[in-house]
Amino acid sequence: MTRRHLSFECEGAEVWGSLDAAPGAAGLLIVSGGNEVRSGPWGSQALLAARIAAAGFPVFRFDRRGVGDSEGVNFGFRHSAPDVAAALAAFRAAARQVRRIVGFGNCDAASALMLGSGSGCDALVLANPWTIENEAAPPPAAVRAHYRARLRNPGAIIRLLTGRVSPRGLLGSLRQAAAPPPANPLAAEMATGLAGFPGPTTILLAERDRTAQAFLGEWDGVDP
């Protein structure tokens, strides 16, 4: 496996990426979530790229504008479609044998790919898409999932029966869980964007992840 670091332009800013070269005609574009650099948390995306390249498929990662090694202003995931499009073009130029590119994103990187209708990728793998508009309070769907798990735990029931759980706090949480979800423009925009994507999509959700629980609370349950 050969890893090459290269730069490309996105709306006048120099953006840096990494190519794990391989001979395959299908490749993977990894889009980083949050303000993570392209290596990913604890180097996880760099390790993933190396493993996939060793299996024969080239992998491209990049720092969007204003993050890591890249110049420019960080406009956030909602406005990262130009960064993804520029990275795709750089990937194709650096690995000319590639004919099909799968875009992978976790958390708000998945949301960015949905908002951009795939941003030019041929297929998508979306892990725990981010739909939380108000981070100050957990979404009702996440609260309900939390209490479903607690009720399956005998220890939690014993704590409730022995008075070691605050009734007032429990009542407040139950009210929050029962509340109808507020209007969520982000989730609606993501659904609209994904509806405009013509390629195959796989959505991966971690059952105990708050972000995934919130996504399930917003999604209509129909596979895209």
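Is Phe91 buried or exposed? At 0% relative accessibility, Phe91 counts as buried, because the cut-off for buried is under 20% relative accessible area. This report works outward from that residue, and please keep in mind that the model is predicted.

## The chain as a whole

Let's start with the overall picture. The chain has eight helices and seven strands. It contains 224 residues, and 43% of them are buried.

Among contacts in the chain with a separation of 6 or more, 66% are made by residues 24 or more positions apart. The accessible surface of the chain is about 11700 Å², and carbon and sulfur atoms contribute 57% of that surface.

## The nonpolar cores

In soluble globular proteins, nonpolar side chains tend to be buried together. Here, the largest nonpolar core has 36 residues. The members that touch the most others are Phe8, Leu29, Phe60, Phe62 and Phe91. Helix H2 (residues 81-94) supplies the largest share of this core, with six residues.

There is also a second, separate core of eight residues. Leu28, Ile30, Val59 and Phe104 are included in this second core.

## Who touches Leu29

Leu29 is a helpful residue to click on in the viewer. Setting aside neighbours within four places in sequence, Leu29 contacts several aromatic residues, including Phe60, Phe62, Phe91 and Phe104. Other partners of Leu29 include Val84, Ala87 and Leu88, and the run Ile101, Val102 and Gly103 is also in contact with Leu29. Cys121 is another partner of Leu29.

## Aromatic pairs

A pair of aromatic rings is described by the distance of the centres and the angle of the planes. The structure holds three such pairs. In one of them, Phe60 and Phe91 are stacked, at 5.4 Å centre to centre and with 20° between the planes. This pair links distant parts of the chain: Phe60 sits in strand E4 (residues 59-62) and Phe91 in helix H2, 31 residues apart. Like its partner, Phe60 has a relative accessible area of 0%, so Phe60 is buried too.

Phe215 and Trp219 form another pair, with ring centres 5.0 Å apart and planes at 25°. That pair is stacked because its angle falls under the 30 degrees cut-off. Phe215 counts as buried, at 2% relative accessibility.

Which residues do ring pairs link into a cluster? They are Phe8, Phe60 and Phe91. These three residues also appear among those that touch the most other members of the largest core.

Conventions. Residues numbered from 1 in each chain as written. Predicted model: local features only at pLDDT ≥ 70, side-chain atom pairs only at ≥ 80, totals over all residues. Heavy atoms only, no water. Helix = DSSP H or I, 4+ residues; strand = E, 2+ residues; numbered from the N terminus. Buried < 20%, exposed > 50% of the residue type's maximum accessible area, 1.4 Å probe, protein only. Contact = heavy atoms within 4.5 Å. Areas by Shrake-Rupley, 256 points an atom, 1.4 Å probe, with all protein chains shown as cover. Core = buried A, V, L, I, M, F, W, Y, C linked by side-chain atoms within 4.5 Å. Phe/Tyr/Trp six-rings, centres within 6.5 Å; stacked < 30°, edge-to-face > 60°.
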